[in-house]
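Me: Could you take me through this one and explain the labels as we go? I would like to see how each conclusion is reached.

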Amino acid sequence: MTSPSATAPDTHPLGSAAAATPSGTRRGTEFEGTVTVLARQAVGDDVVALKLVASSGEPLPVWQPGAHIDVVLPTGATRQYSLCGPVGDTAHWQVAVLREPDGRGGSQWIHDHVEEGGELRVRGPRNNFPLRPAARYLFVGGGIGITPLLPMIAEADAAMAEWSLLYGGRTRSSMAFLAELESHGERVAVRPQDKHGLLDLAGFLGDPDPSTLVYCCGPAGLIDAVEAHCADWPAGAVNVERFAAAAVRQPADDAAEQPIEVELRASGTTVTVPPGLSVLKAVEQAGVPVLSSCEEGICGSCETSVLEGEVDHRDSLLTEDERAANDTMLICVSRARGGRLVLDL
Amino acid sequence: MTLTQHVRNGWYLGAWSDDVGRTLTQRWITDVPVCFYRLPDQTVTAVEDRCPHRKYPLSLGHLDDEGTLQCDYHGYRFDGRGVCVGVAEQADRPKAALRRFPLVEREGAIWIWPGDPELADESLLPDTSWLTDPSWTHVHGVVPLKARHMLLLENLLDLTHETFLHPTSIGNAAVAATPIDVTVDGDRVGFSRRMIGIEAPPFYEKSCGLTSPVDRWQDGDFYPPGIFVLNIRVAATGTEEPDGFHMKVLYGMTPGRGNETHDFYALGRDYLIDDQELTRFQHEQQLAVMQEDVDALEAQEIMYATDPGGTAESSIRSDLAALRGRRAVAKMLAREQRAQQDARTPHSRPSV
Ligand code: FES
Ligand code: FES
Ligand SMILES: [Fe+2]
């Protein structure tokens, strides 16, 4: 699975209480290098699990439930996948990849080209979806969105917290990790849509309870529904990680992961935007006021005129024509191709 | 959202054909007062409802059997082309003519173009042939709405609200839980949502005799600035078209005066078309659902109107079609304002 917030670590998904890991603690604990695929295993229709070891043989950094790694494809594109093996295992990492025929080709490439013994470039781990302590957890997973929940469940179980999981998917055979989940018995409700229809969120989530945290990952519709159901729950009770629209927000090429220079012509200043920071944040840090709201490339409030430079659009709002015109961009998520932009700010 | 000005270069549903006859009907459209009436040859006419003399509403005047319209304040009289043909007081006729609006009357609907008549292009109208197609039947009407056009537009482009606002009729959890695909074609914005194997909402259970699970499709098309067409298909799950039940809803979202909107609707279906009981039931339901929307939009209007500084809105992925709709309208408005600006700026003359 991919995590949209990973490319913009300073923002977190709208309506989500998941706090981004403070950027300072990230440095030094991150791995960047080559891993070898120790095992490749089909774990559901169109889902493969990959077991990875550092090619150098070194131990891998420790990580916490909810963390993901970036896989840097030979095409230069980066995809995020949640770690889903045992948390304490520093010899191996495990990710599960769903083939997404409608995606931008990253998952297809992994399915078609990654063999046992092959190598991959990875980076991470990072965590935008941390598990906070609670007496009781309700986990809702949709499809491949189950992956970040697996280590969370293991941790909740080890901490003797009360927990239950509602797991949906298209069909039973499309749903990964069923055997290990079902070993938990009653706590796990597996509800493939072809048999059960839509998930009974109301029945599962019930009424707000201050001791309960909800963690949900899956398609946008599912997350929207969970958030809608929990609209009047206490702030922070619902934690989600979105991935459905992530494809749009991936860097288009390697250059996009470079720092960019942004000249703010009206203010007569230039800022450097490092890869992990959004143009919006960099502009704000330079003391130039800009409107923003969703910080996800949805609402359009941060729309800014582009005077020079080529935009790498990563929003969800602009139409193809608007993108092609290259005269406007949503600076909360979009970046530059070619390292430089001039904005009318 | 601050857009309260109205696009005028576009088609709006001005009236249903059966609303307009040999009497004078006033309706404000995009802040312009319009007087609709029919001439003796049955052609429909729409003129600005302000007498060129002292602006008295012509709709308070009289139409005679020859199609001459008389202002009932000081007696100006206008022929079928809106040209002043005389006034009671004096023998020579005052130089005056009424502004007439481009109209298209087809399939029982009267479309009006309140802006520049030169730009009125019939091909921009959607296909509404189902309104008179003998294999379809429909009901129609208009509901008054005290909320700005944009709120209605967003209401229709984001049917996720059905889950919450219409839970006893057309909405259930499946609507909000199913993401939409959004398409943009020039100014047009479309969305589609395919709900497969869902529980049948009560309205569809009753109007199609279906039991759960069903497949339900919603395909909405927004023809900016003011027309929305929703194609609905419902079928027992697994059966594909053409086995499903088809319905279409046409909405004419016509800005009225200030932040008021005329909410025109037509609800059609292509099955059991002779079943009057079903027609009655569907019409009742349609009006009940629209009332839920009207109540919500009017409550929302107050909140927008009293928050002119505009506290930031939060948006989510299911707003995408509505946000694109907003942009489409904003762009049309900007285009229109630019054109007006250009027309006002005197062309530079070569200096001699
Ligand atoms: S802040 Fe919403 S699109 Fe940028
Ligand atoms: S206002 Fe119409 S005739 Fe005077
Ligand atoms: Fe509605």
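**Reading the labels**

Reply: Happy to, and let us begin with one pair: in β6(A), A:Arg121 is the residue opposite A:Val72. Keep in mind that this is a predicted model.

Me: What makes β3 and β6 of chain A a pair of strands?

Reply: Two strands count as paired once there are at least two bridges between them. Strand β3(A), residues 67–72, is joined to β6(A) by five bridges, so the pair meets the cut-off of at least two. The two strands run antiparallel.

Me: Which other strand pairs with β6(A), and in which sense, parallel or antiparallel?

Reply: Strand β1 of chain A, residues 31–44, pairs with β6(A) over six bridges, in the antiparallel sense. In β6(A), A:Arg123 is the bridge partner of A:Glu32.

Me: Why is β6(A) described as mostly covered?

Reply: The strand spans residues 119–127, and seven of its nine residues are buried. A:Arg123 shows how the label works: its relative accessible area is 12%, which is under 20%, so A:Arg123 is called buried.

Me: How do you know that A:Arg123 forms a salt bridge with A:Asp70?

Reply: The closest N and O atoms of A:Arg123 and A:Asp70 are 3.4 Å apart. The cut-off is within 4 Å, so this Arg and Asp pair qualifies. A:Asp70 is buried too, because its 3% relative accessibility is under 20%.

Me: What does that salt bridge tie together?

Reply: A:Arg123 lies in strand β6 of chain A and A:Asp70 in strand β3 of chain A, so the salt bridge ties together parts 53 residues apart in sequence. Salt bridges that share partners also join A:Glu32, A:Asp70, A:Arg123 and A:Arg126 into one network.

Me: Why is A:Glu162 called partly exposed?

Reply: Its relative accessibility is 48%, and partly exposed covers what is neither under 20% nor over 50%, so A:Glu162 gets that label. Its salt-bridge partner is A:Arg136, with 3.4 Å from N to O. A:Arg136 has a relative accessible area of 22%, so A:Arg136 is partly exposed as well. A:Glu162 is in strand β8 (residues 162–169) and A:Arg136 in strand β7 (residues 136–142) of chain A, so this salt bridge links parts 26 residues apart in sequence.

Me: What makes A:Arg337 and A:Glu310 a salt bridge?

Reply: Their side chains meet at 3.4 Å, N to O, so the pair falls within the 4 Å cut-off. A:Arg337 lies in strand β16 (residues 335–343) of chain A and A:Glu310 in strand β14 of chain A, so parts 27 residues apart in sequence are tied together. A:Arg337 is partly exposed at 29% relative accessibility, and A:Glu310 is partly exposed at 45%.

Me: How do you know that A:Asp312 is buried?

Reply: A:Asp312 has 2% relative accessibility, under the 20% limit, so it counts as buried. This residue lies in strand β14 of chain A, residues 303–312. The side chains of A:Asp312 and A:Arg314 are joined by a polar contact of 3.3 Å, and the cut-off for such a contact is within 3.5 Å.

Me: Moving to chain B, why are β5 and β8 called edge strands?

Reply: The open sheet has four strands in the order β5-β6-β7-β8 of chain B, with antiparallel pairing. β5 (62–63) and β8 (84–86) of chain B each pair on one side only. Two bridges join β7(B), residues 77–78, to β8(B), so the cut-off of at least two is met. B:Phe78 stands opposite B:Cys84 in β8(B).

Me: How do the two chains meet, and which residues of chain B lose the most area?

Reply: The contact takes 21 residues from chain B and 24 residues from chain A. About 1,800 Å² is buried between them, and carbon and sulfur atoms give 57% of that area. In chain B, B:Arg317, B:Arg324 and B:Arg327 lose the most area to chain A, together 38% of what that side buries.

Me: What makes B:Arg327 a salt-bridge partner of A:Glu322?

Reply: Their closest N and O atoms are 3.2 Å apart, so this pair lies within the 4 Å cut-off. The count between chain B and chain A is four salt bridges.

Conventions. Residues numbered from 1 in each chain as written. Chains lettered and ligands numbered in written order. Predicted model: local features only at pLDDT ≥ 70, side-chain atom pairs only at ≥ 80, totals over all residues. Heavy atoms only, no water. Contact = heavy atoms within 4.5 Å. Buried area = accessible area lost by both parts, 1.4 Å probe. Buried < 20%, exposed > 50% of the residue type's maximum accessible area, 1.4 Å probe, protein only. Polar contact = N/O pair within 3.5 Å; in protein donor to acceptor, adjacent residues only side chain to side chain.
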